[in-house]
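Please open the structure in your viewer and keep the selection panel at hand. The stops below are meant to be followed in order, with each selection added to the one before.

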Amino acid sequence: MFGAEKGTAARPLDGSKLHIGIVQARFNESITNSLASACKVELAALGVPDSNIVHVLVPGALEVPLALQALAEQEKFDALIALGCIIRGETYHFELVANESGAGVSRVALDYQLPVANAIITTENLDQAIARQTDKGRDAARVAVEMANLLDELA
């Protein structure tokens, strides 16, 4: 991940008219709280009014897709953001949670034709999670705004 080329958006990102839903998993809460904080700071920097952001909490990453689906069904959001942290343990549970939560997030985006920025980070250890928490939170905000604007242009 370090040194990855993210590219540059074609135009400045403007979130001033967008409504964004955030679903945050509480599991590994210190990390997910940092993800959420960085995400909200970046959304504000991109012009998204705080009053246009709905932020809900769920127990863990496996519950994120269902909450995203419930928000998508409200038909009032331009984009959604999934926040979570899955740290590898000693069992297969890591793969199950990572794979199923990721598939569920993608399914919501495709089923509802709604951008969903997936910032459910998956790491080998806590140090890796800490190293990624701020950048991934900011990235999720930028992806949500860019994709919401793109889909609006394509409609």
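This tour goes from the sheet to its strand pairings and then to the helices.

Bear in mind throughout that the model is predicted.

**The sheet**

Begin by selecting the four strands of the open sheet, which follow the order E2-E1-E3-E4 and pair in the parallel sense. Strand E2 (53-58) and E4 stand at the edges with a single partner strand each, so one side of each is left without a neighbour in the sheet. If you look along the strands, neighbouring ones are turned against each other by 15 degrees on average, direction ignored.

**Strand E3 and its partners**

Next, select residues 79-87, which form strand E3, and ask how many of its 9 residues are buried. The count is 8, and the strand is thus mostly covered.

Add residues 20-25, strand E1, which pairs with E3 in the parallel sense over 5 bridges. Two positions help to fix the register by eye: isoleucine 20 stands opposite alanine 79 in E3, and glutamine 24 has leucine 83 of E3 as its bridge partner.

Now turn to the other pairing of E3 by adding residues 116-123, strand E4, which runs parallel to E3 and is joined to it by 8 bridges. Here a useful pair to display is isoleucine 86 and threonine 122, the latter being the bridge partner in E4.

**Helices on the sheet**

With the strands still shown, select helix H3, residues 93-112, and then helix H4, residues 126-154. Which strands does each of them touch? H3 packs on the sheet against E3 and E4, and its direction makes about 175 degrees with that of E4. H4 also packs on the sheet, touching E1, E3 and E4, with its direction at about 170 degrees to that of E4.

**The H2 and H3 pair**

Finally, keep H3 and add helix H2, residues 64-73; the two helices pack at an angle of about 15 degrees, and their axes are 8 Å apart. Because of that angle, H2 counts as roughly parallel to H3. The crossing of H2 past H3 is right-handed.

To see the contact itself, show the side chains of Val64, Pro65, Leu68, Gln69, Ala72 and Glu73 on H2, together with Ser101, Gly104, Val105, Val108 and Tyr112 on H3. Coloured by class, the residues of this contact between H2 and H3 divide into 7 nonpolar, 3 polar and 1 charged.

Key. Residues are numbered from 1 along each chain as its sequence is written. This is a predicted model: local features need pLDDT of at least 70, side-chain atom pairs count only at pLDDT 80 or more; totals for chains, interfaces and linings use all residues. Side-chain values use heavy atoms; hydrogens and water are left out. Buried means under 20% relative accessible area, exposed over 50%, partly exposed in between (1.4 Å probe, protein chains only). Two strands pair if DSSP finds at least two bridges between them. Axes are lines fitted to C-alpha atoms, for helices over the stretch in contact, and angles run from 0 to 180 degrees between N-to-C directions. Angles under 35 degrees count as roughly parallel, over 145 as roughly antiparallel, 65 to 115 as roughly perpendicular and the rest as oblique. A crossing is left-handed if the near helix is turned anticlockwise from the far one by less than a right angle, and right-handed if clockwise. Contact means heavy atoms within 4.5 Å. Ala, Val, Leu, Ile, Met, Phe, Trp, Tyr, Cys and Pro count as nonpolar, Asp, Glu, Lys and Arg as charged, and the others, Gly among them, as polar.
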